[in-house]
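Below is a report on one protein model, covering side-chain pairs, backbone features and overall composition. The sequence and structure come first.

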Amino acid sequence: MTTSQSHKRILESYTIQPLNLIIRAGDDIILRPPVKKRRMMYVARVIEIYETKGRRKGLVNFRINVCWYYQPEDIVKIGRQPYHGAKELVQTNHADTLSPRSIEGKCTVHSLESYIELGLAGEDDYFTRSNYDIFTEAFQLDEAAVYCICNMPYNPRIMIQCEGCQEWFHPLCVHITDEQAQTTEHFFCHRCTFRLQRPYSMQ
């Protein structure tokens, strides 16, 4: 049943008990996925908090309007790419209305620059640098420098630098694992391997 606008009262905040967690418009919130679903979690931004009168006298319903963040793999036409960080989300205009009882906690979705400045990100720190319109399916990546043979943005989780040209590469694009990229001391890309006439190797 649609509630008339006159019965809707906007709230500045809502306190989730027994966590004593205060939620306000503009906060990023976490909703844990069902146990059977293997995903990081659900993350959304609070747009509005309000209460409405229930059908029974004295009954009040609390609701939160949100816009969802997607994980890259949630967008079929994009998918997860080598430049996507492990904690990267995509901002969307997918609106929804939730019960406050479904909220697990709060988190922070940073810009890429702010996320990198953190140095050591916490469990509930994420970042976004792109937008997705669910109606037009338009995907917009923030303007950023591009790297690697794929000419795509920096992955803040892991990159590997060539000692010859000083260019940065996504491990997947140069056919090495993340573990190899973390442990190798010397790396030359294919172009520098050919130019310097040295074997393509990692040490």
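Y42 is partly exposed, with a relative accessible area of 22%, whereas W68 is buried at 12%. Here buried means under 20% relative accessible area, exposed over 50%, and partly exposed in between, computed with a 1.4 Å probe on protein chains only. The model is predicted: local features need pLDDT of at least 70, side-chain atom pairs count only at pLDDT 80 or more, and totals for chains, interfaces and linings use all residues. Residues are numbered from 1 along each chain as its sequence is written, and side-chain values use heavy atoms, with hydrogens and water left out.

**Aromatic pairs**

The protein has six aromatic pairs. Rings of Phe, Tyr and Trp (its six-membered ring) pair if their centres lie within 6.5 Å; planes under 30 degrees apart count as stacked, over 60 as edge-to-face and the rest as tilted. One of the pairs is formed by Y42 and W68, with 6.2 Å from centre to centre and 70 degrees between the planes, which is edge-to-face. This pair links distant parts of the chain, as Y42 belongs to strand β5 (residues 42-53) and W68 to strand β6 (residues 60-70), 26 residues apart. Helices (H or I, at least four residues) and strands (E, at least two) are DSSP runs, numbered from the N terminus.

Why is the pair of F169 and F187 edge-to-face? The ring centres of F169 and F187 are 6.1 Å apart and the planes stand at 70 degrees, so the pair is edge-to-face. It also links distant parts of the chain: F169 is in strand β12 (residues 168-169) and F187 in the loop between α2 (178-183) and α3, 18 residues apart. F169 is buried at 3% relative accessibility, and F187 is buried at 1%.

**Charges over rings**

A charge sits over a ring if NZ of Lys or CZ of Arg is within 6 Å of the ring centre and within 35 degrees of the ring normal. K8 lies over the face of Y50, 4.4 Å from the ring centre. K87 lies over the face of Y126, at 4.5 Å from the ring centre.

**Salt bridges**

A salt bridge is a side-chain nitrogen of Lys or Arg within 4 Å of a carboxyl oxygen of Asp or Glu. The count comes to six, and the table lists three, among them the pair of E51 and R9.

| Pair | N to O distance |
|---|---|
| E51 and R9 | 2.9 Å |
| K106 and D27 | 3.3 Å |
| R129 and E88 | 2.8 Å |

In the pair of E51 and R9, E51 lies in strand β5 and R9 in strand β1 (residues 8-11), so the salt bridge ties together parts that are 42 residues apart in sequence. E51 is buried, with a relative accessible area of 16%.

The salt bridge of K106 and D27 has its nitrogen and oxygen 3.3 Å apart. K106 is in strand β8 (residues 105-111) and D27 in the loop between β3 (21-24) and β4 (28-31), so the pair ties together parts that are 79 residues apart in sequence. K106 is partly exposed at 33% relative accessible area, while D27 is buried at 17%.

The salt bridge of R129 and E88 has a distance of 2.8 Å from N to O. R129 belongs to strand β9 (residues 125-132) and E88 to strand β7, so this pair ties together parts that are 41 residues apart in sequence. Both residues, R129 and E88, are buried.

**Backbone features**

Which residues does a cis peptide bond join? The bond is between Q17 and P18, with omega about 5 degrees. P18 is in the loop between β2 (13-16) and β3.

N151, a residue other than glycine, has a positive phi near 55 degrees, and lies in the loop between β10 (139-141) and β11 (160-161). Q166 is not a glycine either, and its phi is positive at about 70 degrees. Q166 is found in the loop between β11 and β12 and is partly exposed, with a relative accessible area of 45%.

**The protein as a whole**

The secondary structure comprises three helices and 12 strands. Of the 203 residues, 36% are buried. Contacts (heavy atoms within 4.5 Å) with a separation of 6 or more involve residues 24 or more positions apart in 50% of cases. The protein exposes about 12,900 Å², with carbon and sulfur atoms supplying 50% of it; accessible areas come from the Shrake-Rupley method with a 1.4 Å probe, and for residues only the protein chains shown count as cover.

The mean pLDDT (the predictor's confidence in each residue, from 0 to 100) is 85 for the protein, and 88% of the residues score at least 70. Among the elements, helix α3 (residues 190-195) has the lowest mean pLDDT, 82, and strand β7 (residues 88-98) the highest, 95.
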